[in-house]
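Biologist: I would like to learn how to read a structure with two chains. Could you take me through it step by step?

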Amino acid sequence: MELLYVICVGVTTFCGVFLCLRGRTFSVVVGLTMLSYAVNLFLFSSGRLSLNGAAILGMSDSYADPLPQALVLTAIVIGFAMIAFVVILSIRARADLGNDLVDGRDPPDTGKLIKSNRAKL
Amino acid sequence: MSLFWVSAIMLLGVFVPLLTERFGRVANTLFTMLAPAVSLVYIITLLPAVLSGTVIVETLEWIPPAGLTLSLHLDGLALMFTLLILGIGLLIILYARYYLSDKEAAGRFYAYLILFMTAMLSIVLSNNVLQLWMAWEVTSISSFLLISFWSAKSESRKGARMALTVTGAGGLALLAGLLLIADVVGSYDLGVILASGDMLRAHELYPVILTLVLLGAFTKSAQFPFHFWLPHAMAAPTPVSAYLHSATMVKAGIFLLARFYPVLAGTEMWFLTVTTAGLITLVLGAYVALFKHDLKGLLAYSTVSHLGLIVLLLGMNTDLAAVAALFHIMNHAVFKASLFMAAGIIDHEAGTRDMRKLNGLWRFMPHTASLAMVAAASMAGVPLFNGFLSKEMFFAESLHQEAYGFLSWMIPVLATLAGIFAVAYSLRFVHDVFFNGEPNELPKTPHEPPRYMKIPVEILVALCLLVGIFPAFMVGSLLESAAGAVLQGELPYYSLAIWHGFNLPLVMSIIAILGGIIVYAYRSQLYRFQAQFREGDAKEIFEGAVQSIVKGATHIHDKINNDSLQRYVAVLLVFTILITGIPLIHLNTAALHSPDQPVSFVEIVAGIILCVSAIATMIFHRKRMIALITLSVVGLIVSVAFARFSAPDLALTQLAVEVVTVILLMLALFFLPQKTPAESSPSRVVRDIGIAAAIGGIVATINYAFISQPVSSISGFFLANSKVGGGGTNAVNVILVDFRGLDTLGEILVLGIAAFGIFKLLAGVRLAMPTANEKGVPWAEDRHPPILAMISQALLPLALLVSFYIFLRGHNMPGGGFIAGLITSVALIQQYIAHGVDWIKPRIKLDYQSLIAWGVLIATFTGIGSWLYGRPFMTTWFDYFDLPFIGEIELASALIFDLGVYLTVVGATLLILANLGKLTSVHRPTAED
């Protein structure tokens, strides 16, 4: 179970980081969303994975750790606020700069590379 | 009065010239002289006490817990330097009044000068090595300002920069050395350090300490191979040169050597490094001085040579040599200051400093010429002048050296050689300038300077003579007390007299004088010989080095920085991999492991769905709609996972946030391009996959590392106190609104701020509205389908009811303000989607901004409310009431706090989404909102 869990965390982190490294704002937003899933899962697991732990007092003998849950709960909401901010920022950047590139313009190296690659084809 | 007053007065004195500049040059000069004069008078009142052997120490606690104190002391060595700094400083101020033209900013000049003087005083008076170092750095900076005073000239700027670079770099080495000393000794206090000489010399770090301290001293005192900055500092106005290169700046390095003499001297290493540097500097400086046609250039190299002489004496490790060094410090300061001033007068009145043009000035300025001749005689070491006495002592000491073994004879021979050169260049200074034919194309007809401009020179020249003739009477006791401070013990026998009988040192002097005359007489042959060599200009080499460093730095900077945020992120991530990955290598894998819990089929399927959707998002990220759908699958699985692992609150929150996020991204997609063009090169993709895979792997490893450890959590406390202390059975909610209520307050505040920030970003934004999707299919005409509108309208009260229920039960069951707020938001957004802004606007009159404000206020005031009952901020209250028909109910102040959370969440979510949606309508937010 633990192994499966961390593989999922690793894969989401992997996809999130990769998307964050893209050059367009929408991909970065998606990447950030993905990363925040991974981070929340990561933090949540610090309370360990309890399958049948009670969340409410008096319902069972074994309890799930409430502290990471409380922290992750607020993290989810704050994460939403952050992603919303980035989304709006990218919309604003699109309006002001006329494109949706993270750098606001074509990065100097990639543009040239693509052109040369296309020329080869 | 105390010594601290001296510092305070001098520091205030920095501002005096600036404030009095408007009253004219004379008043300005007089007022400027006030602070040094007062300080000098005060120091003179302390003279008898210090000369009788008392060391005045004063301490002011500054930051006692950090062990930082301000401490000043006045012993013989400090006294000698203080008198030189203040005395010559006053004469320089007077001299500068006539030297600077009326157009020049004398106020600024004097301010720099007093600042420099203050820093020099602080060096010599410091009883704390950190304080000493601070003052040391201030001298570097203020001398930079002084040297570059004529900042319009390129050579001034370059000379100043060179001086600052060399002495500043030396200062850093000195700091390291002083810190090491303090570390070894255990105190920054100079008194303690001076008493721990044996310990320091025996310490294994001694060679490092010595090297660092010597680097500081040699750079400051222009010792070989750092001597090159000094001649270029001659671009300064002459009063500055006269001050910096006689009594102060360059003597700071000598002072440092003398100050730490009891601690660092006496070893083989000290002898070899200090003597060698001194000897080379002595001979090299004297030789180069011969060939300088510029008056100040000659004096500059002569200064280098004399500094080498003093350093050589200090390196000799004998008590008598140290006494001779101190004596020569005084003598050199006096005659060199007067010579620089004389050179300044000649420059000022004849318009040039080139000795090839300056000839026969005796006819035009006999008075100045006589003064310069006395000072030059002193520099040459002619009997009856003060320079002769210390030079005799130097010659005598050079004879007693044995540390070079069989090569020890080199020291007296080289000393005599330097003496010959010194006589020759002194002779040139006198003969070439004042006699030797007629002036040669001078820019103006030379004449005597203003009367008062000569007074400082006269005073100094008189001192040269008086010390030269009555040495014991003039400086005997001062030298004795200074030597006492340097040697920290018994003084050797020495006699300050002109005549010691006919002995070997006298022979050396005679050889030097005769030899000097011969060298000078045959100088034209020497010049021809020297002309064969290409003259290396230190400035060009130095500037070249500076330029190449700048070029290299620019090159590296351009390589690393291409203004691309993507690259910054990549670099950050690579460093993250390095700093998190390396410790993982050392992690002991055997230590982990409590066995995995069994995994069921459903969980495996869920895990696979999550991974597949995540990777699908990554692969299809250029098809944005598909990426959004797969992303939401990941989010849903995450919320299912929360539910599975006993976290119903989280599952509910994640679900609600998921809905809101997807709506947000859908809206964003409307405004952003719908497709991403392919633009990453294959190598970029491979690189990014590499980085991402490494990070993902590291995160998973760390996660597995701690997840398989036995748990030890502080949550036992929360579980135990949730019901009895917080009055709720839902521990998660109690933590949010009670135990960690302050955190939650901060978080809703952040949420509110983010929402307001978004609102501000959206205000006045101008966007082109797409009318069709990426394939060119126009958007549907029917913007608000009636069935959706009807159903969502009917659902609204139900949704609100659910959210109310979830809100109320939150304290005891899964739910609470966050979740209820999100549910309400989703319900309201549903109305926006179904009906459009035009329909909502007249019906739902909620002002989201004030909703956020009210939410935060309510939460804050609930916290403050506990003050009314004398409890700390955020203490909650709860009680149970028995109501007829309904039964027992619980009322808790935490519920009000949760209401604040609820309102903020609703306000923030709707402020974001509704305003983003409004962009498509006429109700778009404007800058006025």
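Modeller: We will go through the interface, the empty spaces and a few backbone details in turn. This is a predicted model, where local features need pLDDT of at least 70, side-chain atom pairs count only at pLDDT 80 or more, and totals for chains, interfaces and linings use all residues. Residues are numbered from 1 along each chain as its sequence is written, chains are lettered from A and ligands numbered from 1 in the order in which they are written, and side-chain values use heavy atoms, with hydrogens and water left out.

Biologist: Thanks! How many residues of chain A are in contact with chain B?

Modeller: Contact means heavy atoms within 4.5 Å. Here 84 residues of chain A are in contact with 110 residues of chain B.

Biologist: And what is the area buried between chain A and chain B?

Modeller: Buried area is the accessible area (1.4 Å probe) that two parts lose on being put together, summed over both. For these chains the value is about 9100 Å², and carbon and sulfur atoms give 75% of it. A:Leu21, A:Phe26 and A:Phe80 supply 8% of the area that chain A buries against chain B, more than any other three residues.

Biologist: How many salt bridges and polar contacts are there between chain A and chain B?

Modeller: A salt bridge is a side-chain nitrogen of Lys or Arg within 4 Å of a carboxyl oxygen of Asp or Glu. There are two between chain A and chain B, and A:Arg22 forms a salt bridge with B:Asp688, with the closest N and O atoms 2.1 Å apart. A polar contact is a pair of N or O atoms within 3.5 Å; within protein, one must be able to donate a hydrogen and the other to accept it, and residues adjacent in sequence count only if both atoms are side-chain atoms. Between chain A and chain B, 21 residue pairs are in polar contact, both residues being at pLDDT 80 or more.

Biologist: Which element gives the most to the side of chain A that touches chain B?

Modeller: Helices (H or I, at least four residues) and strands (E, at least two) are DSSP runs, numbered from the N terminus. The answer is α3(A), with 23 residues.

Biologist: Are there salt bridges inside a chain too?

Modeller: Over all chains, the structure holds 19 salt bridges. A:Arg92 forms one with A:Asp96, and their closest N and O atoms are 3.2 Å apart. These two residues are separated by about one helical turn because they are four residues apart in helix α3 of chain A.

Biologist: How do I look for empty space?

Modeller: Rolling a probe the size of a water molecule over the atoms shows where empty space is left. On a 1 Å grid over the protein atoms alone, a cavity is a set of points where a 1.4 Å probe fits but cannot get out, and a pocket is an open set with protein on both sides within 12 Å along at least five of seven lines; lining residues have an atom within 4 Å of a point. Grid points are joined across faces, edges and corners, and a volume is the space filled by probe spheres set on the points.

Biologist: What does the search of the whole structure find?

Modeller: There are eight cavities of 30 Å³ or more, and the largest has a volume of about 90 Å³. Its lining has 13 residues, and among those nearest its centre are A:Tyr37 and B:Val657. The largest pocket holds about 1500 Å³ of space. It is lined by 43 residues, with B:Met666 and B:Trp779 among the closest to its centre. α30(B) gives the largest share of this pocket lining, five residues.

Biologist: And the backbone?

Modeller: Most residues other than glycine have a negative phi, and most peptide bonds are trans. A:Arg48 has a positive phi of about 65 degrees although it is not a glycine, and A:Arg48 sits in the loop between α2 and α3 of chain A. The peptide bond from B:Phe224 to B:Pro225 is cis, with omega near 5 degrees.
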